[in-house]
Amino acid sequence: MRIQEPGRYGRNEWAISCSKRYVQLRDAHVIELNCVMDDAALSLGAIDVSYSSSSAECTVSRCKHSSEEWGECNSRPTVFRSATLKWKETLLGRKRPFVGRCCYVCTPQSRDKLFNPSIPSLGLRNVIYINETHTRHRGWLARRLCYVLFIQERDVHKHMFTNNVTENVLNNNRVQNAIAEEALEMSAISGSGQLDPRILGKVKKKAKRILQEMVANVSPCLIRLTGWVLLKLFNSFFWNIQIHKGQLEMVKAATELNLPLIFLPVHKSHIDYLLLTFVLFCHNIKAPYIAAGNNLNIPIFSTLIRKLGGFFIRRKLDERPDGHKDVLYRALLHVHVQELLRQQQFLEIFLEGTRSRSGKTSYARAGLLSVVVDALYTNAAPDVLIIPVGISYDRIIEGHYNSEQLGKPKKNESLWSVARGVFRMLRKNYGCVRVDFAQPFSLKEYLDGQSQKPVPARLSLEQTLLPAVLPSRPNYVVEEGTEAAVPDSRDLTCEPLRRQLIANLAEHIMFTANKSCAVMSTHIVACLLLYRHRQGIDLSKLVEDFFSMKEEVLARDYDLGFSGNSEDVVMHAIHLLGNCITITNTSRNNEFFITPSTSVPAVFELSFYSNGVLHVFFKEAIIACSLHAIQNKRHRNGISGISPNMISQEHLVRKAASLCYLLSYEGTVSLPCQLLCQVCHEAVERFIQYGILLVAEDEQEEINSSLAEQHWEKKLPEPLSWRSDEEDEDSDFGEEQRDCYLKVSQSQEHQQYITFLQKLLGPLLEAYSSAAIFIHNFSGPVRESEYLQKLHKYLITRTEKNVAVYAESATYCLAKNAVKVFKDMGVFKETKQKQDSILELSSTFLPHCHRQKLLEFILGFVIL
């Protein structure tokens, strides 16, 4: 943190005060939850126990409510409390939300297994807090050697892991056929008309070399040693690592079923690889085999990774110079995974493929998951249990990804970079970590359930979004029957159906893992400073808004990765955010004034942590921006027959759905088994519950009856692409239901809350609208990588010249996602050429007027 213009209390006094404060907090283990939080501590009214300090010196005297408990912080209503929490007065007696339950639609049997009503009340545990009570020994010596004794008592031995994997894989018929096929192809290239034995021998040696990289050789002794080292290291640079004991009980129960377990965590940091293995090791659960990218296959470090269960795979399976599929590598990978599952080993797979550079959960890549599904179809195991995992950090060990977000190429990992990173970690503290295990569910049950019902064909953005942008093109309108256009939906050998099933499964897993991620204190503080108090705020007011936003998160059934007195938590977050925040001591009431830094790297970093809470409010932000789009268009054009203050609920749902499609790479609002219109409709109903939207009952009858009785298909160009053939006859979304008209509350609190929600999506919409402006000057076919660099440079230039409203709209991730969306919706025509793609404007968007309509469509949602 930076301090500017110190007043009565100068820079040194503030630094000394903060230093004393955090030493006291650290020494008292104030953030640790220790072993068990009892049932009373899990209620929202008593949640704030772990940041409290017994020392009176730990209070900030200039905070207006320094002695308040969170449950009493209601003397001055904030925007969140007054806008949405008035109707939830009973929440303070409610239990803390238990996250990660599996889907009751897709896996109803799994939802009832491994879970009982007492599990949510088991509470949280700090994994790295170890003392003599966690061992079988007592006394002075046990207290001194508790780490060593704890590690020694963990259950890990050689027979738990695989044996003869290399031999079994090489002797598999599929691998033998792949070796023969590649040898025959090489023989044909060399001019030989038949299989050359020498070439066959070379291919076999190549297969062995690939397996040497792929196959892990787990060492129980090294796992124990690494467990002890990590216990020491994690205690030095993490304040705690929290897990929910009830979630671990479900995982332990799953291990007793003698089935392979697949852990699928979100990927935010390099420490994820070791963190999950460490948590499982501490609870006597067998270490999983970890699928790691071959970019980590570096000397010495790669040996350590293999001994701990890591195996390296290519980031792209098609890495042959000619661009064709590497049949041999694919066969080895498939059979290797089959062998691991056959021997009932656990796997750890990162579906995102790489660490998230934006702080949001990235789009799932189902490549390795498809290998697991194929292995289940080949009866390598009777069933496989899927466990999504959410991981949240107060601060990632990498700190930030600013260099990559500024467009600089990613640096290759090296032994020196690993060593340098370890030394850097030892000099800093990274706050708290939270690991959440979702409820295990049966992969066989999921696939069987999907095969018993028609699987809707996935609609492209060209089918769903383009009609909203260019309503004059009726040939793009999607009919209701299109969704069931997959041939023979029960035939799992059908490749389109198989791909759709796996894509839906991956999306399901990532949605659950993302919802399981706890919201950390740094996420809330960064979000408030960027989108509520960008011009700065008094510390006491920031504390009040922090409390209210924390309640909002809990009310939406998302959990928190912190607890304690509000001022302590906010100070903790400010300390971790460091130079991204400026602190000024004002003469007015001796109040500290908190301001986010305006430099581009600092804003990028704050945006990264703010995105950790975006998914909580994403649906509501979609509705708020859709409200603005409808009102803005009505003020410009006007609609006869309807009061200017009236909004059609059906129109609002359609508009929200189109925005969901536009931002599909930024966040997911629904599961594949849910109707998008239903999710949007529920979000609108939530606004009605909050009192932000009012049902216009008195004016309802005054609306022109002829307009009210028209079909919305004729009034609006957007197609009902979310409608399902299986939709219930008495569904609320049936055509027979009369449309409802709404009015927006004009109270100051509600208007401020809507503005906050709209600002959450401001950077995304500004990036997309800027990308649409950039298309106006598009010229000729161009390589995608080159076009992306030019677009990103344009976004950075807008920020540097202070043209951009949101500096964080210039991140490389947003530029890349905007290009993806424009490709999917048919703005660009993509042509594959060797290792790159060539982009050119499609015939649809060659006319300048169509590009202008695209820009106007996006700008309609933007509030500046």
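Colleague: R532 is partly exposed in this predicted model, with a relative accessible area of 21%; with which residue does R532 form a salt bridge?

Modeller: As a general idea, side chains of opposite charge can pair when their charged atoms come close. Here R532 forms a salt bridge with D545, and the closest N and O atoms are 3.8 Å apart. R532 lies in the loop between helix 21 and strand 11 whereas D545 belongs to helix 22, so the pair ties together parts that are 13 residues apart in sequence. D545, at 0% relative accessibility, counts as buried.

Colleague: Which residue meets the side chain of R534 in a salt bridge, and how many residues apart are the two?

Modeller: The side chain of R534 meets that of E808, at 2.7 Å from N to O. This pair links distant parts of the chain, 274 residues apart, with E808 in the loop between helix 33 and helix 34 and R534 in the loop between helix 21 and strand 11. E808 counts as buried at 1% relative accessibility, while R534 is partly exposed at 26%. Elsewhere, salt bridges that share partners join R96, R434, D436 and D559 into one network.

Colleague: How should I read a salt bridge within a helix, and where do E339 and R342 lie?

Modeller: An α-helix has 3.6 residues a turn, so residues three or four places apart point the same way. E339 and R342 are 3 residues apart in helix 13, separated by about one helical turn, and in their salt bridge the closest N and O atoms are 2.5 Å apart. E339 is buried, with a relative accessible area of 8%, whereas R342 is partly exposed, with 48%.

Technical notes
Residues are numbered from 1 along each chain as its sequence is written. This is a predicted model: local features need pLDDT of at least 70, side-chain atom pairs count only at pLDDT 80 or more; totals for chains, interfaces and linings use all residues. Side-chain values use heavy atoms; hydrogens and water are left out. A salt bridge is a side-chain nitrogen of Lys or Arg within 4 Å of a carboxyl oxygen of Asp or Glu. Helices (H or I, at least four residues) and strands (E, at least two) are DSSP runs, numbered from the N terminus. Buried means under 20% relative accessible area, exposed over 50%, partly exposed in between (1.4 Å probe, protein chains only).
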